[in-house]
Every structure is written in C-alpha cells, then in structure tokens.
Amino acid sequence: MVSLLVVLVLSTAAPPLAGARAPWMLPRPPDTGVLLRYDPPLGQVAEYRVTLDVRGEQTSLGESLPVRWRGGLEVTEEVIAKGVDGTLWLRVRTDIVEARDATGTLAGAMPAQYPAVHVRMSPLGEVIDVSVATGERASGPRERAFLSLAAQPGLAVLPAGRVEAGDEWRADTGGGRQISQLLSLSESGSGTVALISSRRAGDLELSEGSSALGLQTSLSGRMTQESELRLLVDQGLVLAHKGQTEMHTDSVASLDLPDGAEQFDIQADLTVDFDVQLVAVDGQPVGPS
C-alpha cells in the first residue's frame, strides 16, 4: 500500500527516469530557435504548490474498492550546487498539507512528510542520482521506497538543441519514451515563457522490504502521462506543470508469520489529475502563471 501511494506522489512531482538518453530531434541551424534548459541560479529556493485528484479502483483478496483521494502538497527545491556543464544538485522536500480520502481505501498509508532528498540532474532534466539529504532519517521502508521511485517519470526532458514553436522531439528512457513539442513562446513580465506539451509512457518498478517487520513488497506497472509545462526560459525555472497520469500497478506483499509466510496481491487502476504551480522564489510570492 505504501509503495502505491508513493507512486501517486512522485509520478506528478519528480524528475524523469534515471538513465534517460539525450532527446532526439531533427537538426537545426545553430543560430536559430531557443535553447531550453532547467537552469535556476545557485542558492535559489523555489516553492511549489501541488494539487492531486486521484480516482480509480484497487483490488485485493478478490475485493474491489473504489479510490477517491484529493490532496495538496508543498514541494521546496533549493539549488545547493551547480557543475560547469550545468548539472544541478537540488535539495527537495515534499510535505503533504491536505488530504481528503472520500472512500477510505488509502487512509493512513501516506505520511505527512517525506525525508528531504538530494537530486542530481542534468540541465535537460535527466536524473543522475537521488540520495537522502544530510541529517535526514532514511532507515524505514517508506524512506527507501521514496528514494527508489524519486527518479521515475515526471517533468519533460528538454531537447539537446535549439527549437522553435511547433518543433517536436522525443526522449528514450530506460522504461519508455516521451514525445514533446514546443507549442509557443510568449512574453510575460518576468521574461520569455515556453509552453511545452509532453506525452509519455513507461514502466514503474519497486522492490522494498523490512527485515524487522518481516515484510517484502514488489510493485510493477505501466503509466502514461499527458501534460503541459510552462518554463521561464531566461531563468530556466518551471512556472507550472499540469496534466493527467494513468497507472496500472500490480503489487505483491509477503508477510512472515509464525506459521509461515502469507502473500497478498493488490492491483490498482488509477487516474491522477495534477497541477503544479510555482508560488514563491527566495521567499517572495509569485503571481499566477
């Protein structure tokens, strides 16, 4: 159950799959188009508000239960280091600030706060590694599950070269493929804003256990996602990310009991509507994007 809920959170807020190859696109003359990069300045602290609307069905022990969960999260990203090649080191904290479980199917399985993590990612959005931040606790299965899934699909992988409005590119990942398009470039009070649409499909995987509890959980599944992302080009900063994710997951939990191990199978078909909005930068409020 914990594994499933972590998937719900991370597939809307986290960066793309680790090991993604550089996106493919048609060549373009070097001096035309715009270069898109995730490139916030060193020391910047960006605060995001995430709203989730989850609906679907979960089946366990032959019984099907409806899922209807709505929630709000606060995600804080601090740029703690940058490489000469544009590589970013981010300290990311995710807190659940609101949760409404209309059916009770997911009740009690999601903690109010996850451990802060360090995320190392390329300026294209490819995750290199994820680790628990210094001083944070990471001994429990929830924390290890969080780390295991922190690099699964989320933001758009950006193109390696320059693009113009209407251009399309694709990125192959270890578990699927993303196809993206630059829909438009517009001017705002903060600078040029790129509107990017993405369609992606990929696999979800997790294997986690606790020897103290005698519990072992494995999860596999498939996800598809369609979304639109607004990127402040000059600052390399995400202003908003909105879309829908559909997931089918199969989980197997094995629990060691005095009279032997008992196994539980859980299947879920879920649709997640998500809306990520930048609300503050370095403590200063940001207006609607």
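This text goes through the salt bridges of a predicted model and then turns to one strand residue, Gln181.

Side chains of opposite charge can pair when their charged atoms come close. Applied to this model, with a cut-off of 4 Å between a side-chain nitrogen of Lys or Arg and a carboxyl oxygen of Asp or Glu, the count comes to 8 salt bridges.

One of these joins Arg55 to Asp273, with 2.7 Å between the closest N and O atoms. Arg55 belongs to strand E1 (residues 45-60) and Asp273 to strand E11 (residues 260-281), so this salt bridge ties together parts of the chain that are 218 residues apart in sequence. Both ends of the pair are partly exposed: Arg55 has a relative accessible area of 29%, and Asp273 has one of 26%.

A second pair of strands is linked through Arg222 and Asp203. Their closest N and O atoms are 2.7 Å apart, and the two residues form a salt bridge. Arg222 is in strand E9 (residues 215-232), while Asp203 is in strand E8 (residues 191-210), so here the parts tied together are 19 residues apart in sequence. Arg222 is partly exposed, at 41% relative accessible area. Asp203 is also partly exposed, with a relative accessibility of 32%.

Another salt bridge is formed by Glu98 and Arg100, whose closest N and O atoms lie 3.4 Å apart. This pair does not stand alone, because Arg49, Glu98 and Arg100 are linked in a network of salt bridges. As for accessibility, Glu98 is partly exposed, with a relative accessible area of 33%. Arg100 is partly exposed too, and its relative accessible area is 47%.

The remaining residue to consider is Gln181, which lies in strand E7 (residues 176-188). Is Gln181 buried, exposed or partly exposed? Its relative accessibility is 25%, and Gln181 therefore counts as partly exposed, given that buried means under 20% and exposed over 50%.

Which residues does Gln181 touch, once its neighbours within four places in sequence are left aside? On one side of the sequence, Gln181 is in contact with Gly166, Asp167, Glu168 and Trp169. Further along the chain, Gln181 is in contact with Leu195, Ile196 and Ser197. For Ser197, the separation of the C-alpha atoms from Gln181 is 5.3 Å, although the two residues are 16 residues apart along the chain.

Notes
Residues are numbered from 1 along each chain as its sequence is written. This is a predicted model: local features need pLDDT of at least 70, side-chain atom pairs count only at pLDDT 80 or more; totals for chains, interfaces and linings use all residues. Side-chain values use heavy atoms; hydrogens and water are left out. Helices (H or I, at least four residues) and strands (E, at least two) are DSSP runs, numbered from the N terminus. Buried means under 20% relative accessible area, exposed over 50%, partly exposed in between (1.4 Å probe, protein chains only). Contact means heavy atoms within 4.5 Å.
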